[in-house]
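Please open the model in your viewer and keep the selection panel at hand. The tour below goes from one selection to the next and says what is there.

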Amino acid sequence: MSRVTMIGMPGSGKSVVGRIVAERLGWQFLDTDKVIEARRGVALQELIDQVGEPAFLAIEEETLLEVEFPDSCVIAPGGSAIYSGSGMQRLAELSTVVFLDAPIAEVRAHIAGQAPRGIIGLVEAGSLEALLAVRLPLYRRWAHLCVSCCEATAEVEADQVLAQLASYWHKN
Ligand SMILES: Nc1ncnc2c1ncn2[C@@H]1O[C@H](COP(=O)(O)OP(=O)(O)O)[C@@H](O)[C@H]1O
Ligand SMILES: O=C(O)C1=C[C@@H](OP(=O)(O)O)[C@@H](O)[C@H](O)C1
Ligand SMILES: [Mg+2]
């Protein structure tokens, strides 16, 4: 199957690692957060602030269901994509889904280095640890492959993803 989708917590590296995986395969890279920003003409954080979390999830679902994903592409949806059963069903049918399983300390450090962003369900969960506990069964449910990332550079993580993909594609 000539598409890959990266899923995982915000800050786990879906966009950065996904882009490197795409480059190494000579494939296109598509970040659905960027698609939403381009369609709406606002930064993602601003959109979440404007419409609220439930409406953002509806916009994200609509995007996952409507975008035409080309052949030979790596897709990086937002970390909240797993809240859309129909969106994930579509991605699982048209791509190999890779869960970037990053330790929470790494997630926290990566998020801290970035501009503020709305993380869906974080306020309700109370902490990143509690949010991960809620999301983990969903990430695992939709993943064809789980790649554990531990204090490696994005380049090394991309190599790990590619090695596991090669093995998965060989068997499936
Ligand atoms: N393995 C890594 N090593 C160092 N920095 C990383 C790594 N993965 C991601 N980052 C950094 O963390 C931030 C969030 O990464 P990003 O790819 O946007 O995550 P996601 O798309 O999963 O939210 C970026 O600044 C990125 O450069
Ligand atoms: O996990 C989340 O709740 C979110 C993750 C973000 O994308 P990244 O996972 O690419 O950071 C973005 O879609 C939005 O801020 C919500
Ligand atoms: Mg991203």
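Which helices each supply at least two residues of the shell around ligand 1? They are α1 (14–25) and α9 (154–171); helices (H or I, at least four residues) and strands (E, at least two) are DSSP runs, numbered from the N terminus.

**Before selecting**

This is a predicted model, in which local features need pLDDT of at least 70 and side-chain atom pairs count only at pLDDT 80 or more, while totals for chains, interfaces and linings use all residues. Residues are numbered from 1 along each chain as its sequence is written, and chains are lettered from A and ligands numbered from 1 in the order in which they are written.

Colour the protein chain by pLDDT, the predictor's confidence in each residue, from 0 to 100. The chain averages 95, and 99% of the residues score at least 70. Where pLDDT is low, the predicted coordinates should not be read in detail. For the complex, the predictor gives an ipTM of 0.97 and a pTM of 0.97.

**Stop 1: ligand 1**

Select ligand 1 and the residues near it (C-beta atom, placed from the backbone, within 6 Å). There are 18 residues around ligand 1, and G13, K14, S15, V16 and H110 come nearest. Helix α1 gives the most to this shell, with 4 residues. By class, the shell divides into 6 nonpolar, 10 polar and 2 charged residues. Here Ala, Val, Leu, Ile, Met, Phe, Trp, Tyr, Cys and Pro count as nonpolar, Asp, Glu, Lys and Arg as charged, and the others, Gly among them, as polar.

Now pick G13, in the loop between β1 and α1. Is G13 buried or exposed? G13 is buried because 26 other C-beta atoms lie within 10 Å; the cut-offs are 20 or more for buried, 12 or fewer for exposed, and in between for partly exposed, with C-beta atoms placed from the backbone. Leaving aside neighbours within four places in sequence, G13 is in contact (C-beta atoms, placed from the backbone, within 7 Å) with L100, A102, H110, C149, A154 and E157.

The UniProt annotation "binding site" (unreviewed entry) covers G11, S12, G13, K14, S15 and V16. UniProt positions are given in the numbering used here, feature names are shortened, and annotations may be inferred rather than shown by experiment.

**Stop 2: S15 and the strands**

Move to S15 in helix α1. S15 counts as partly exposed because it has 19 C-beta neighbours inside 10 Å. Not counting residues up to four places away in sequence, S15 touches D31 and A76.

Those two contacts lead to a pair of strands: D31 stands opposite A76 in β3. Select strand β2 (residues 28–31), which pairs with β3 in the parallel sense over 4 bridges; pairing requires that DSSP finds at least two bridges between the strands. Then add strand β1 (residues 3–7), which is joined to β3 (residues 73–76) by 3 bridges and runs parallel with it. R3 has C73 as its bridge partner in β3.

**Stop 3: ligand 2**

Select ligand 2 next. Around it are P10, K14, S15, D33, L44, G78, G79, S80, R117, G118, I119 and I120. This shell divides into 4 nonpolar, 5 polar and 3 charged residues.

UniProt places the feature "binding site" (unreviewed entry) at D33, G79 and R135. Take D33 in helix α2 (residues 32–40). D33 is buried because 22 other C-beta atoms lie within 10 Å. With neighbours within four places in sequence left aside, D33 is in contact with L44 and G78.

Then take G79, in the loop between β3 and α5 (85–94). G79 counts as buried because it has 25 C-beta neighbours inside 10 Å. G79 touches G8, M9 and P10, residues up to four places away in sequence not being counted.

**Stop 4: two leucines**

Go to L165 in helix α9. L165 counts as partly exposed, with 18 C-beta neighbours inside 10 Å. Outside its neighbours within four places in sequence, L165 is in contact with V4, T96 and L145. L165 and L145 are 20 residues apart along the chain, and their C-alpha atoms are separated by 7.7 Å.

End at L122 in helix α7 (residues 122–125). L122 is partly exposed, with 15 other C-beta atoms within 10 Å. Draw a distance from L122 to R108: the two are 14 residues apart in sequence and 13 Å apart in space, C-alpha to C-alpha.
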